[in-house]
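This report describes a protein with a bound ligand, and is meant to be read beside the sequence and the coordinates. Please keep both in view while following the sections below.

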Amino acid sequence: MEVKPVKGTHDIIGNDIILYQRIEDALAKIAHTYGYLEFRTPIIEHTELFARSVGDSSDIVRKEMYTFLDKGNRSLTLRPEVTASIIRTIVNNKLYSSQDFPIKASYLGPTFRYERPQAGRYRQFSQFGVEAVGLDSHLIDVEVIALGYNALKNLNFKDITLKINTLGDDASRNQYREALRGYFAGHIHEMCIDCQERLNSNPLRILDCKVEEDRKIIKNAPRIQDFLSEQSKERFSKTINLLDSLNIKFDLDETLVRGLDYYSEVVFEYHYIAPDGKTIGALGAGGHYSHLVEELGGPNLAGVGLSFGVERLAQVVASENLLFDAFPFLAFYIMPIGEVNIEKVYELNEKIHRLGYPSEMAYESKALKALFKKAEKRSALFAILIGEEELEKEMLTIKNLRTKEQTSVALADFDSVANQMVEEELIELNEER
Ligand code: HAM
């Protein structure tokens with residue numbers, strides 16, 4: 001019997017991998033541009049790591065973790081996010097001991113959440129992210145926000161909505177929590193079970209509730225702005241002023257609280273709304289954290305970071321055709337014609353590979369119609385037709401598959417001609433878009 005993939009997981013096969021590779025390359029490049037080095041941490045961690053960082057009151061820890069006992073009776077969890085693992089390794093390796101701050105890490109890899117699968121929501125998905133630890137300043141907060149913004153620009157996203165809010169410092173948040181408890185206590189019997197549970201554990205999370213009836217009550221709840229300490233107000237205004245001067249557009253969203261418990265001060269999310277009005281949730285998100293390093297056994301160091309969901313990026317990039325050159329093409333498809341010495345054709349194909357061009361050949365001569373069909377299926381730019389006559393004269397017939405123009409090129413000139421032909425054709429295709 002056929003074995004199906006696990007619900008909420010997906011295979012990336014065929015041409016899709018080229019799209020993912022292009023996106024992942026662009027993300028790695030932007031991390032490098034800002035001086036972040038990749039950290040590779042294990043996918044399995046002690047369950048305690050996430051309970052202590054992401055937080056016992058978060059949906060992730062309460063409902064969504066893949067947790068199991070290993071054969072040594074240890075409670076292990078497939079990581080639902082990567083920030084906690086990065087901080088763990090910074091603490092384990094005492095990367096803070098040189099006092100060279102901020103410590104900058106980037107990461108890319110699979111994460112797991114037991115969520116209800118739907119468009120843009122998987123049980124195994126990949127996160128790219130960065131974390132900057134040890135510098136407690138709006139300067140580094142803005143750097144991370146700008147990095148995310150520029151990552152999306154590099155992937156040709158045009159209409160990005162950057163939502164931003166502040167959760168204030170501990171004192172501001174404690175006061176705000178009490179005010180929320182007081183306000184919601186009078187309404188909680190009309191609200192959903194999740195909100196009822198959140199009233200005690202973390203009333204801030206009630207602000208994130210999506211239930212329509214609850215939203216009406218949430219609309220009149222106290223606002224964080226009225227509880228911010230002077231320092232938090234000043235920090236946030238410096239943050240948004242710097243974003244303004246970098247020309248990064250944002251929407252202030254007072255209801256943005258984020259689903260993980262470790263945040264304080266600035267939090268943000270990047271959203272994309274398709275031309276048809278559809279959205280697949282946040283493409284990426286992040287924020288500042290004051291106590292995570294300490295809670296995981298390290299010194300009192302602040303940090304800030306963000307993560308993107310790679311599948312969500314890929315979905316938009318594919319549907320909006322944002323990365324034209326990510327779509328697979330062959331530069332050349334080589335067609336042996338008639339009774340031709342196939343080894344000689346093979347040698348030419350190998351020569352083209354050594355020049356660095358994607359090329360494939362038909363391993364036997366077939367009817368021209370079938371060969372052209374294959375070339376089209378492979379999105380080849382050019383066909384190279386080689387029969388006995390071409391081999392004898394050391395000439396190649398090269399056909400542009402878009403314009404149907406045909407040229408004869410001496411085999412000896414192929415290196416230089418091929419380069420020019422491919423470059424020019426890519427420019428033409430780009431302009432045609
Ligand atoms: P998060 O908002 O839980 O934050 O996840 C970050 C991104 O991962 C989301 O914006 C979304 O694109 C993607 N994502 C989340 N769940 C799914 C899912 N089920 N299927 C597909 N994509 C998903 C964090 O994980 C924090 N660690 C971000 C951070 C880094 N904060 C500070 N540093």
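## The shell around the ligand

Strand E10 supplies the largest share of the shell around the ligand, namely five residues. The model is a predicted one, and the contacts described here should be read with that in mind. E10 spans residues 284-289 and belongs to a group of strands, with E6 (124-133) and E11 (303-309), that each supply at least two residues of the shell around the ligand.

In total, 27 residues surround the ligand, and the closest are Glu-81, Glu-115, Tyr-122, Arg-258 and Tyr-263. Sorted by class, the shell consists of eleven nonpolar, nine polar and seven charged residues.

## Polar contacts to the ligand

Both side-chain and backbone atoms take part in the contacts to the ligand that are listed here. On the side-chain part, Arg-113 places a polar atom 2.9 Å from an oxygen atom of the ligand. On the backbone part, a polar atom of Tyr-122, which is among the closest residues to the ligand, lies 2.8 Å from a ligand nitrogen atom, while a backbone N or O atom of Gly-309 is found 3.2 Å from a ligand oxygen atom. The ligand on its own has 660 Å² of accessible area, and the protein covers 96% of that area.

## Salt bridges

A search of the whole structure gives 30 salt bridges. In one of them, the side chains of Arg-205 and Asp-59 meet with an N to O distance of 3.5 Å. Because Arg-205 is in the loop between helix H7 (193-201) and helix H8 (212-219), whereas Asp-59 is in helix H3 (residues 59-63), this pair ties together parts that are 146 residues apart in sequence. Arg-205 and Asp-59 are both buried. They also belong to a network of salt bridges that links Asp-59, Arg-62, Glu-197, Arg-198, Arg-205, Asp-208 and Lys-210.

Two further pairs can be described in the same terms. Glu-115, one of the residues closest to the ligand, forms a salt bridge with Arg-121, and the closest N and O atoms of this pair are 2.7 Å apart. Glu-115 has a relative accessibility of 13% and therefore counts as buried, while Arg-121, at 27%, counts as partly exposed. In the other pair, the side chains of Asp-170 and Arg-173 meet at 3.2 Å, N to O. These two residues are three apart in helix H6 (residues 170-185), so about one helical turn separates Asp-170 from Arg-173. Asp-170 is partly exposed, with a relative accessible area of 31%, and Arg-173, at 8% relative accessibility, counts as buried.

## Domains and a long-range distance

The protein is divided into domain 1, which comprises residues 15-169 together with 229-324, and domain 2, which comprises residues 329-432. The C-alpha centres of domain 1 and domain 2 are 45 Å apart.

A distance between two individual residues can be added. Thr-47 has its place in helix H2 (residues 47-55) and counts as buried, because its relative accessibility is 15% and the cut-off for buried is under 20%. The C-alpha atom of Thr-47 is separated by 30 Å from that of Leu-180, a residue 133 positions away along the chain.

## Backbone geometry

Most residues other than glycine have a negative phi, and most peptide bonds are trans. Against that background, a few places in the backbone can be pointed out. The peptide bond from Phe-101 to Pro-102 is cis, with omega near 0 degrees, and Pro-102 has its place in the loop between helix H4 (83-92) and strand E5 (103-112).

Asn-156, although not a glycine, has a positive phi of about 70 degrees. Asn-156 lies in the loop between helix H5 (138-154) and strand E7 (160-166), and is partly exposed, with a relative accessible area of 33%. Glu-394, likewise not a glycine, has a positive phi of about 55 degrees, and is located in the loop between helix H14 (388-393) and strand E15 (395-400).

Note on methods:
Residues are numbered from 1 along each chain as its sequence is written. This is a predicted model: local features need pLDDT of at least 70, side-chain atom pairs count only at pLDDT 80 or more; totals for chains, interfaces and linings use all residues. Side-chain values use heavy atoms; hydrogens and water are left out. A residue is near a molecule or strand if one of its heavy atoms lies within 4 Å of it. A polar contact is a pair of N or O atoms within 3.5 Å; within protein, one must be able to donate a hydrogen and the other to accept it, and residues adjacent in sequence count only if both atoms are side-chain atoms. Accessible areas come from the Shrake-Rupley method with a 1.4 Å probe; for residues, only the protein chains shown count as cover. Helices (H or I, at least four residues) and strands (E, at least two) are DSSP runs, numbered from the N terminus. Ala, Val, Leu, Ile, Met, Phe, Trp, Tyr, Cys and Pro count as nonpolar, Asp, Glu, Lys and Arg as charged, and the others, Gly among them, as polar. A salt bridge is a side-chain nitrogen of Lys or Arg within 4 Å of a carboxyl oxygen of Asp or Glu. Buried means under 20% relative accessible area, exposed over 50%, partly exposed in between (1.4 Å probe, protein chains only). Domain bounds come from an automatic or database domain assignment.
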